[in-house]
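Q: Could you go through this one with me? I would like to start with a single side chain and then move on to other parts.

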Amino acid sequence: MDETPTTRLEEDLLLLRAPNPSPLTAEGTNTYILGRGAAVVIDPGPEDARHHAALRAALAGRDVAAILVTHSHRDHSPLARALAAETGAPVHGFGPTGAGTSAIMAALEGDLGGGEGADAAFVPDVTLAQGETVRLGEETLTALHTPGHFGNHLCFAWRGALFSGDHVMGWASTLVSPPDGDLTDFMASCALLAAREDRVYYPGHGAPVTDPAARLAWLVDHRKAREAQILAALGAVPRSAMEITRAVYTDVAETLWPAAARNVLAHLIDLTARGLAAPDGALSDRSRFTRA
């Protein structure tokens with residue numbers, strides 16, 4: 001029995017959801033299949049036998065023109081390798097894991113790990129630069145480099161819609177977890193998308209975002225509000241990201257504090273770059289911060 005049936009979002013756009021629900025993935029990772037003829041698959045998803053079988057069934061023997069990956073977190077990109085081997089379709093992305101990482105994140109000291117786990121083996125067959133338009137079968141898509149959640153994150157514009165990956169989702173604010181995520185880049189990418197007039201966002205998790213402008217404005221306002229709370233929690237006595245999390249994230253369950261602390265660290269690094277916070281030494285996962 002197919003545990004992950006498809007949902008038709010538009011006449012030639014199907015959604016297939018991977019069975020990997022979690023606090024970071026909502027009901028699961030969204031895989032999109034678009035096109036009338038040869039299919040374009042966006043974010044094949046994790047290495048999961050059930051999802052792999054469901055994806056093959058959803059394609060129903062169709063040719064695959066290309067595989068597009070928004071970013072190389074392990075819940076989005078690993079299945080691209082198997083699908084490419086089966087279909088011969090090239091994998092498109094911004095670059096391998098690590099591409100697009102900002103200098104400040106590359107210089108971070110300590111074993112920070114990552115928010116959701118990077119797919120270290122991801123290497124696209126075709127790299128897409130900012131604004132590059134590609135024709136895949138009968139479909140034309142434009143790649144938008146939107147780092148912030150992840151350095152190699154791309155959104156894909158298609159017929160007035162935007163496949164927004166994990167940069168903009170409707171069910172939750174985006175995790176920005178150093179060193180994968182960079183808040184300075186995230187805010188710049190929000191500004192890039194805000195200058196557009198897309199009619200709908202199809203995100204990497206959750207339901208379609210039907211009012212993109214309002215959702216983007218909420219995300220930016222949410223980040224600015226968190227920044228104000230973090231600045232208020234900083235003083236002359238050094239505090240760690242987790243100590244600040246406990247003071248600031250009173251509206252979040254304690255089980256989510258580790259993820260929230262990653263967001264706080266992202267804010268603290270951004271504030272340090274702007275001269276508003278000061279770490280006690282080189283920036284690392286062990287840094288304690290004061291108000292600058």
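What follows is a chat about a serine, a helix and two cysteines in this predicted model.

Q: Where does Ser77 sit?
A: In this predicted model, Ser77 lies in the loop that runs between β5 (64-68) and α2 (79-87).

Q: Is Ser77 buried or exposed?
A: Ser77 is buried, since its relative accessible area is 0%, and buried here means under 20%.

Q: And what does Ser77 touch?
A: Leaving aside residues up to four places away in sequence, Ser77 touches Gly45, Val69, His71, Ser72, Asp119 and Phe122. With one of these, Asp119, the side chain of Ser77 also makes a polar contact of 2.7 Å.

Q: Changing topic, how far apart are the end C-alpha atoms of helix α7?
A: They are 24 Å apart, which agrees with the 24 Å that the 17 residues of α7 (residues 257-273) should span at 1.5 Å a residue.

Q: How many residues of α7 are buried?
A: 14 of the 17 are buried, so α7 is largely enclosed by the rest of the structure. The helix is followed by Gly275, which has a positive phi, near 75°.

Q: Now the cysteines: how many disulfides does the structure hold?
A: The structure holds zero disulfides. Cys155 is in none, and the nearest cysteine sulfur to its own, that of Cys190, is 9.5 Å away.

Q: Why is Cys190 not bonded to Cys155?
A: Because the two sulfurs are 9.5 Å apart, which is too far for a bond; the cut-off for a disulfide is 2.5 Å.

Q: Are Cys155 and Cys190 buried or exposed?
A: Cys155 counts as buried at 0% relative accessibility, and Cys190 is buried with a relative accessible area of 2%.

Terms used:
Residues numbered from 1 in each chain as written. Predicted model: local features only at pLDDT ≥ 70, side-chain atom pairs only at ≥ 80, totals over all residues. Heavy atoms only, no water. Helix = DSSP H or I, 4+ residues; strand = E, 2+ residues; numbered from the N terminus. Buried < 20%, exposed > 50% of the residue type's maximum accessible area, 1.4 Å probe, protein only. Polar contact = N/O pair within 3.5 Å; in protein donor to acceptor, adjacent residues only side chain to side chain. Contact = heavy atoms within 4.5 Å. Expected span 1.5 Å × (residues − 1).
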